[in-house]
Amino acid sequence: MKIVKRGNKTVARFYSDDKLRRGLDAVRYRLLGAEIDKGLLFKLFVYVILINVAFIYIKPILYMVTTMVKDAQNILDPTVIWVPRTIFLGHLQHASEMLNYGKSFLISVSLASSVAVLQVFSCAIAGYAFARLDFPFKKVWGALLLFTFIMPPQITILPSIMLFKEFGWLNTFLPMVVPALFGHGLKGAMFVIIYRAFYSTLPKELDEAARMDGAGPFRMFFRVMFPISRSATVVVVLFSFVWNWNDFYFPSLFMFTAENVPLSITLARMAGEMKLAEGAGEITVYAEAIKMAASFLIIMPLLVVYLFAQRWFIEGVERTGLVE
C-alpha cells in the first residue's frame, strides 16, 4: 500500500496485487511464450526428445568404440561395461591385418567414388530432361522411372547375373560401374528424381535467356543448369558414395570369388573365418573386440567425410526438397 496526497485528501493505493499479477504473467510468458512453440517448456520438451533420439543412434557407436579398446582384463571384468580402465589399441591393428585394410580401402574408395561421379553426370542429364525438355512419351518414361525406383532389386538380380556372365564381367567392378554410366546402379532412379525436383523449381526465364543467346539443350545444361545445381549434386554425391561404400548385396553377387574386393566383403569374410575358428574350438576373448574394431575401421572414413561435408549436405537436402 502506498499513501498519496492529492490536495487536502489522502488516497491509499494498493500495488501488491498488480505486481503479483505482472510477475505471474512474466513467468507464464517465459515458460509458455506468446505462442506454444516459443516457450521454455516446449523447447525443453523438444530437447529431451532430440537427446533421446540421438542417444539411440549414438549408443551403438559408443559401444563399438569402448569395446574395441578393452584389453583382456577389462573384457573379463564384469564391472567394466562402458568405460575401460586402460586403453588398448592392439585390436585395431589385428583387425586391419585381417581386413587387408590398405588394399581393401583403396578398392572401396575407387569403386564408391567412380560410381558417385558417373551417377552425378548421368542422373543430372536425365533429371534435366524430365524437368525442362519435351520429348515423346515423356509421361510414360517418367512412370517407368518411378517403377524402377519402387521395384525391389531382387527381382532383376538373376537376369543381371546371367547378362554379366555372358559379357564376362563377373568378379570385376564393371557390373557396378557401367550401369552407373547410364543412370542406373544403386538408387539411380532416386537421384534422377532429386535432380528433376531441383530443376523444376528454377525459373523459366533461364531457359528463355539461354535460347536468346543461341544456346541449345546441351549447352544450356552444361553452361547454365548444371553449375547452379551444386546443392543437389552434393546430396547425390554423398548419398551415392555412402550407399556404395556400405553396399554388400551387389558386390557379394557379382564378385563372390574375386580376390580384390571392397571392405564390405572383407568384413563378411573375416566374420566367417572367426565363426569357423570358434566352431573348431579356437575360442578367444578378443573376438568381439576385434569385430568392433573392424566395424569402426569401415565406418571411420564415412564419419570423416560427413564431418567436413555436413553443412553442404544439410543445405542440399533442404534445397532439393528431401525433407518433405
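A pocket, as I use the word today, is an open set of grid points with protein on both sides within 12 Å along at least five of seven lines, and its lining residues have an atom within 4 Å of a point. Keep in mind that this is a predicted model.

Start with the largest pocket. Its lining counts 35 residues. Look for H184, G185, L186, K187 and G188, which lie nearest the centre. The space inside comes to about 950 Å³.

Which helices supply at least two residues each to that lining? Helix 5 (101-132), helix 6 (138-150) and helix 7 (157-167) do. So do helix 8 (174-181), helix 9 (188-200) and helix 13 (249-254). Helix 5 gives the most, with five residues.

Now the chemistry of that wall. By class, 23 lining residues are nonpolar. Another 10 are polar, and two are charged.

On to the second largest pocket. Its volume is about 350 Å³. The lining here is 13 residues. Nearest the centre you will find V242, L302, L303, Y306 and F313. Three elements give two or more residues each: helix 2 (40-68), helix 12 (230-246) and helix 15 (287-319). Helix 15 has the largest share, six residues.

And how many of these lining residues are polar or charged? None: the lining of the second largest pocket has 13 nonpolar residues, no polar ones and no charged ones.

To recap, put the two linings side by side. The largest pocket has polar and charged residues in its wall. The second largest pocket has neither.

Methods:
Residues are numbered from 1 along each chain as its sequence is written. This is a predicted model: local features need pLDDT of at least 70, side-chain atom pairs count only at pLDDT 80 or more; totals for chains, interfaces and linings use all residues. Side-chain values use heavy atoms; hydrogens and water are left out. On a 1 Å grid over the protein atoms alone, a cavity is a set of points where a 1.4 Å probe fits but cannot get out, and a pocket is an open set with protein on both sides within 12 Å along at least five of seven lines; lining residues have an atom within 4 Å of a point. Grid points are joined across faces, edges and corners, and a volume is the space filled by probe spheres set on the points. Helices (H or I, at least four residues) and strands (E, at least two) are DSSP runs, numbered from the N terminus. Ala, Val, Leu, Ile, Met, Phe, Trp, Tyr, Cys and Pro count as nonpolar, Asp, Glu, Lys and Arg as charged, and the others, Gly among them, as polar.
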